[in-house]
Amino acid sequence: MLEGKVIQDFNDKENHLKKYEIGDSFKAEDKRYKELQNNGYVSEGKKVIEKVEKTKTDK
């Protein structure tokens, strides 16, 4: 998972055409993020580490 800033407005076709504007934060799987980066929509992203919270019942 990568996260970075939007550098060109776009509507995300894989998220019900959600509109992202310049300066918004964008997070996606590596392959999807790289595709948008190569097309000039997002800046270079940083790796995001998903945190999994354990509940009291998890052991």
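Two strands count as paired if DSSP finds at least two bridges between them. In this predicted model, the bridge partner of K5 in strand β4 is S25.

## The sheet

Three strands form an open sheet in the order β4-β1-β5, with antiparallel pairing. β4 and β5 are the edge strands, each pairing on one side only. Strands of a sheet pair through backbone hydrogen bonds, either parallel or antiparallel.

β1 and β4 are joined in the antiparallel sense by four bridges. Besides the bridge between K5 and S25, L2 has A28 as its bridge partner in β4. β1 and β5 also run antiparallel, and two bridges join them. On that side, L2 stands opposite K47 of β5.

In a regular strand the side chains alternate between the two faces of the sheet. In β1, L2 and G4 belong to the covered face, while E3 and K5 belong to the uncovered one.

## The helix

Within α1, the residues R32, Y33 and L36 are buried. These residues span an arc of only 100 degrees around the axis, which puts them on the same side of α1. The face turned away from the buried side carries K31 and N38, which are exposed. The buried residues of α1 pack against three strands: β1 (2–5), β2 and β4. After α1 comes G40, which has a positive phi near 85 degrees.

## The nonpolar core

The largest nonpolar core has nine residues: L2, V6, F10, Y20, F26, A28, Y33, L36 and V42. Two elements, β4 (25–28) and α1 (30–38), each supply at least two residues of this core.

V42, a member of the core, is found in the loop between α1 and β5. Because its relative accessibility is 2%, V42 counts as buried. Leaving aside neighbours within four places in sequence, V42 is in contact with K5, V6, I7, F10, F26, Y33, L36 and Q37. For V42 and I7, which are 35 residues apart along the chain, the separation of the C-alpha atoms is 5.1 Å.

## Aromatic pairs

The model has five aromatic pairs. A pair of aromatic rings is described by the distance of the centres and the angle of the planes. The table gives two pairs that involve F10.

| Pair | Centre to centre | Angle between planes | Arrangement |
|---|---|---|---|
| F10 and F26 | 5.7 Å | 75 degrees | edge-to-face |
| F10 and Y41 | 5.2 Å | 50 degrees | tilted |

F10 lies in strand β2 (residues 10–12) and F26 in strand β4, so their pair ties together parts that are 16 residues apart in sequence. F10 is buried, with a relative accessible area of 7%, and F26 is buried as well, at 2%.

Why is the pair of F10 and Y41 described as tilted? Its planes stand at 50 degrees, and pairs count as stacked under 30 degrees, as edge-to-face over 60 and as tilted otherwise, so this pair falls in the tilted class. The pair links distant parts of the chain, with F10 in strand β2 and Y41 in the loop between α1 and β5 (46–47), 31 residues apart. Y41 is partly exposed, with a relative accessible area of 25%.

F10, Y20, F26, Y33 and Y41 form one aromatic cluster. Among these residues, F10, Y20, F26 and Y33 are also listed in the largest nonpolar core. Is Y41 buried, exposed or partly exposed? Y41 is partly exposed at 25%, and a nonpolar core is a set of buried residues, so Y41 does not qualify for the core.

## D12 in strand β2

D12 is found in strand β2. The residue counts as buried because its relative accessibility is 5%, and buried means under 20%. A polar atom of the D12 side chain lies 3.1 Å from the backbone nitrogen of E14. Not counting residues up to four places away in sequence, D12 touches L17, K18, Y20, F26 and R32. Of these contacts, Y20 and F26 are members of the nonpolar core, and R32 is one of the buried residues of α1.

Notes
Residues are numbered from 1 along each chain as its sequence is written. This is a predicted model: local features need pLDDT of at least 70, side-chain atom pairs count only at pLDDT 80 or more; totals for chains, interfaces and linings use all residues. Side-chain values use heavy atoms; hydrogens and water are left out. A nonpolar core is a set of buried Ala, Val, Leu, Ile, Met, Phe, Trp, Tyr and Cys residues joined through side-chain atoms within 4.5 Å. Buried means under 20% relative accessible area, exposed over 50%, partly exposed in between (1.4 Å probe, protein chains only). Rings of Phe, Tyr and Trp (its six-membered ring) pair if their centres lie within 6.5 Å; planes under 30 degrees apart count as stacked, over 60 as edge-to-face and the rest as tilted. The arc is that of the directions from the helix axis to the C-beta atoms. Contact means heavy atoms within 4.5 Å. A polar contact is a pair of N or O atoms within 3.5 Å; within protein, one must be able to donate a hydrogen and the other to accept it, and residues adjacent in sequence count only if both atoms are side-chain atoms.
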